Every structure is written in C-alpha cells, then in structure tokens.
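Biologist: I would like a close look at a single part of this protein. Please walk me through it step by step.

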Amino acid sequence: MSEELAVIFDLGRVLLDLDWRGEKFSSLMTAMDITPSRAFADYWQEPEVNWHTTGVISSAEFHQAAIDRYNLQIRYEDFVEAWCDIFYPIAGMEEIFRRVAKSHPVGILSDTDPLHW
C-alpha cells in the first residue's frame, strides 16, 4: 500500500491576505462607528462575531445583529459584500497552490466565518 501525501493550505494569511482597509469594508465600519484600529482588535471580540464564526448564529442572524447593535440601514447583500471586502491574493500563492495540486491532493482548512467561505 502506497502512502500519499496531501497538502492542506490555510486560507487567511497563507493563500489570501487580510486587509481591513478595503473600500466597502471600511464604509461598513464607518457606518458602524468603528475606527480602523477597533476593527482590528475589539470588534472581533463582539459576541455576535464569535457566534457567527462558530456557527451559533446564521449569516442572516449575524446581519440582523449588526443592524440591531449599530442601528444600520443595510441590505443583506450589501452587508455580505462589505463584510467580505477584506481578502486579497498573496502574490505567488496561486501558482504554488496549482503546482502542488498537480502532484498531490490539496485542501483548504480555515477558521473563517461562513460568509467568508
């Protein structure tokens, strides 16, 4: 029996970089009256963010929680687009992923939230 090596990539900060300064994400944070530094640190500690990331609440419930907490007027589709405006390709990683995939099974494993998938 031959053993085959599989390669598992993480998504954030391996295949994709995170940048909280995306135009749509920044606009969302501004509407929520959250400064860029707070978006980096404190906001990720809000219970709704944790509940969403761990599957306790759905993406629709997460959207509603943001509306309720921050008195937002934003459609679900616009919220999702803004929430996901943080990912950018890391130069060269797509090529590395494709090269590895030619010779080994590959997968992606991440602790990101359902909207980011």
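In the protein chain, where is confidence lowest, and where is it highest? After that, please take me to helix H1 and its contact with H5.

Modeller: Confidence comes first. This is a predicted model. The protein chain has a mean pLDDT of 89. In it, 93% of the residues reach 70 or more. Confidence is lowest in helix H2, residues 36-40, where the mean is 68. It is highest in helix H6, residues 93-103, at 97.

Now to helix H1. This helix covers residues 23-31. Its buried residues are Phe25, Leu28 and Met29. Look down the axis of H1: these buried residues fall within an arc of 95°, so they line one face of the helix. Turn to the other side of H1, and you find Glu23 and Thr30 exposed. Just past the helix, H1 is followed by Asp33. The phi of Asp33 is positive, near 60°.

Next comes the partner. Two packed helices are described by the angle between their axes and the distance between the axes. The axes of H1 and H5 come within 7 Å. They cross at roughly 115°. Angles of 65 to 115 degrees count as roughly perpendicular, and that makes H1 roughly perpendicular to H5. On the H1 side, the contact is made by Lys24, Phe25, Leu28 and Met29. On the H5 side, it is made by Phe79, Glu81, Ala82 and Trp83. Sort the contact of H1 with H5 by class, and there are 6 nonpolar residues, 2 charged and no polar ones.

Zoom in on Ala82. It lies in helix H5, residues 76-83. Its relative accessible area is 5%. Buried means under 20%, so Ala82 is buried. Leave out residues up to four places away in sequence, and Ala82 touches Lys24, Phe25 and Leu28. Two of these names should ring a bell: Phe25 and Leu28 are among the buried residues of H1. Ser26 gives another link. Ala82 and Ser26 are 56 residues apart along the chain. Their C-alpha atoms are separated by 8.0 Å.

One more residue is worth a stop. Glu48 is found in helix H3, residues 47-53. Glu48 has 14% relative accessibility, so it counts as buried. Again leaving out residues up to four places away in sequence, Glu48 touches Ile57, Phe62, Ala65 and Arg69.

Notes. Residues numbered from 1 in each chain as written. Predicted model: local features only at pLDDT ≥ 70, side-chain atom pairs only at ≥ 80, totals over all residues. Heavy atoms only, no water. Helix = DSSP H or I, 4+ residues; strand = E, 2+ residues; numbered from the N terminus. Buried < 20%, exposed > 50% of the residue type's maximum accessible area, 1.4 Å probe, protein only. Contact = heavy atoms within 4.5 Å. Arc of directions from axis to C-beta. pLDDT = per-residue confidence, 0-100. Axes fitted to C-alpha atoms, helices over the stretch in contact; angles between N-to-C directions. Parallel < 35°, antiparallel > 145°, perpendicular 65-115°, else oblique. Nonpolar A, V, L, I, M, F, W, Y, C, P; charged D, E, K, R; others polar.
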